[in-house]
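Hi there,

Here is the structure I promised to pass on to you. Have a look at it first, and then read my notes below.

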Amino acid sequence: MHTDAGPRPDRRDHGALRAALAAASEDTVVYDLDGIGRQYVALCAELPGVAVRFAMKACSVDEVLGRLAALGSGFDAASPQEIAQALRTGVSPDRIHYGNTIKSDRNIAEAYRLGVRDFATDSLEDVAAIAEHAPGARVFCRLATTGDGALWGLSRKFGCSPEDALRVLDAARGSGLVPSGLSVHVGSQQMTTEAWAAAVESLADVLEELNWFGIVPNQVNLGGGLPALGMLDRRGRPLEPPLDKMFAVIREGMERLRAVNAAPLDFLLEPGRHLVADHGAIRAHVARLSSRHQLDGTHEDWLFLSCGKFNGLYEMDQLQYRLEFPTHPGGQFVDAVVAGPTCDSDDGYAQDGGLVRVPRAVASGDPVWIHSCGAYAAAYATRGFNGFAPLPYTCVGGSEGDRG
Ligand SMILES: *Cc1c(COP(=O)(O)O)cnc(C)c1O
């Protein structure tokens, strides 16, 4: 059973983040290292005994990785470059795994040279390549999931069927690799507990089959998908994922899987979004609030920001980030379509109804705070599409105020 041990850190304290946003006079991304640290500690308290491997792609900022490493986290890396960056935090290679099922021969050899011995896989071709370029390594097979219930289902491209998983781990055993376990990913920003329950069922079935064939894994990797709390859906409604219920389902699931397997199981988790999203924010500014008529005669207000899909808000066509206009707390509002500064019509919030209340008095240059964009936002910035360069970043809560 899960019990509370001592006072729980308040992962919703955003004081330091707000102070840094207020202090910024130019556009910047702010990461609150203490907030991320509290989020990590709170997650470990919810799922005792689970080893966390932060999915680096969600926020590959050195200071963030360093803070997580110092707290005991390891890393889920997707390329030799990410492995090298993870190693620079000082963690030993046994806390890093290669979680990407897609890798070339050269990628595998380089990861092996860097000391990584745990590899995700989902095909016979990949297993053969790992056996050749990372002899003796441990492999865990990723099971496909439907992705149902997630904002970004990661189905089809990753993972294999239960039958394939058997073949893949059997081939691993036959080629001198260690068939160490199974993994899943329920889809990013998963909103339902049912998806977690279904993942557990599928893991249990495959574990049972594997045991039957004399393959007894010692680890299960539950992947990512845990939600952020502060983002809005495409129409601007709070997402409100049932986080506490998810944790309960995961704890029960671990009990169930332990009961199925003939040997003790270690559990891993690869959260990305959940650890960083709500502890990062952008200070941007208003480019223009303008008012126009469309061809069909309808009138629309448009709020153009200095920051959009290509320089910090990559996911803005699938969700809304909460906006705050610190210099206009009250007054009259208009309902506007929100968009970024580039000449690309994808560079905006979904244009099918998700209007945002914007103070009528905002002027070009006024600051805008964009909340809960610590994950998959700045990490996806282009090299400067239309000349809009990636934003600089600031970290607060570090020993010094680091600047990148
Ligand atoms: C992206 C990714 C994650 C993190 O997913 P989140 O939804 O951000 O938690 C975890 N594992 C793998 C293999 C991934 O590709």
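What follows is a short tour of what turned up, strand by strand and then through the empty spaces and a few odd spots. Keep in mind that this is a predicted model.

**Strands S5 and S6**

Let's start at strand S5, which covers residues 118-121. Asp 118 and Ala 120 point one way from this strand, while Phe 119 and Thr 121 point the other way. Both sets are buried, so neither side of S5 faces the outside, given that buried means under 20% relative accessible area.

The partner to look at is strand S6, residues 138-142. S5 and S6 run in the parallel sense and are paired over four bridges. If you want one spot to click on, Thr 121 has Cys 141 as its bridge partner in S6. Helix H6 (residues 124-133) belongs in this picture too: together with S5 and S6, helix H6 makes a right-handed β-α-β unit.

**The cysteines**

Cys 141 brings up another matter: how many disulfides are there in the whole structure? A search finds zero. As a reminder, a disulfide is a covalent bond between the sulfur atoms of two cysteines.

Why is Cys 141 not bonded to Cys 160, whose sulfur is the closest cysteine sulfur to its own? The two sulfurs are 3.6 Å apart, which is too far for a bond, because a disulfide needs the sulfur atoms within 2.5 Å. Cys 141 is also buried, at 0% relative accessibility.

Cys 373 tells a similar story. Its closest cysteine sulfur is the one in Cys 307, and at 7.1 Å that is too far for a bond. Cys 373 is buried as well, with a relative accessibility of 0%.

**Strands S1 and S18**

Now go to strand S18, residues 393-396. Tyr 393 and Cys 395 point one way, Thr 394 and Val 396 point the other way, and all of these are buried. S18 pairs with strand S1 (residues 28-32), again in the parallel sense and over four bridges.

Val 29 is a handy marker here. This residue is found in S1 and stands opposite Tyr 393 in S18. Is Val 29 buried or exposed? At 1% relative accessibility, Val 29 counts as buried. Val 29 and Ile 370 are 341 residues apart along the chain, yet their C-alpha atoms are separated by 9.3 Å.

**The cavity**

Next, the empty space. Rolling a probe the size of a water molecule over the atoms shows where such space is left. The count comes to one cavity of 30 Å³ or more, and the volume of the largest cavity is about 30 Å³. Its lining is made by Trp 196, Val 200, Leu 222, Ile 250, Gly 253, Met 254 and Leu 257. Helix H8 (193-212) and helix H9 (243-260) are the elements that give two or more residues to this lining. Which of them gives the largest share? That is H9, with four residues. By type, the lining has six nonpolar residues, one polar and no charged.

While you are in this area, look at Asp 205, which lies in H8. Asp 205 counts as partly exposed, at 45% relative accessibility. Between Asp 205 and Leu 257 there are 9.3 Å from C-alpha to C-alpha, although the two are 52 residues apart in sequence.

**The pocket**

The largest pocket has a volume of about 800 Å³. It is lined by 36 residues, and those closest to its centre are Lys 57, Leu 154, Phe 158, Tyr 376 and Tyr 380. Strand S3 (74-77) and S6 are the elements that give two or more residues to the lining. The residues of this lining divide into 15 nonpolar, eleven polar and ten charged.

**Two backbone oddities**

Most residues other than glycine have a negative phi. Two residues that go against this are worth a click.

- Gln 189 has a phi near 50°. It lies in strand S9 (residues 188-190) and is buried, at 0% relative accessibility.
- Glu 240 has a phi near 45°. It lies in the loop between strand S10 (219-221) and H9 and is exposed, at 64% relative accessibility.

That's my list. Shout if anything is unclear.

Cheers

Definitions and conventions. Residues numbered from 1 in each chain as written. Predicted model: local features only at pLDDT ≥ 70, side-chain atom pairs only at ≥ 80, totals over all residues. Heavy atoms only, no water. Buried < 20%, exposed > 50% of the residue type's maximum accessible area, 1.4 Å probe, protein only. Pairing = 2+ DSSP bridges. Right-handed = clockwise from strand over helix to strand, strands pointing away. 1 Å grid on protein atoms, 1.4 Å probe; cavity = no way out; pocket = protein on both sides within 12 Å on 5 of 7 lines; lining within 4 Å. Points joined across faces, edges and corners; volume = space filled by probe spheres on them. Nonpolar A, V, L, I, M, F, W, Y, C, P; charged D, E, K, R; others polar.
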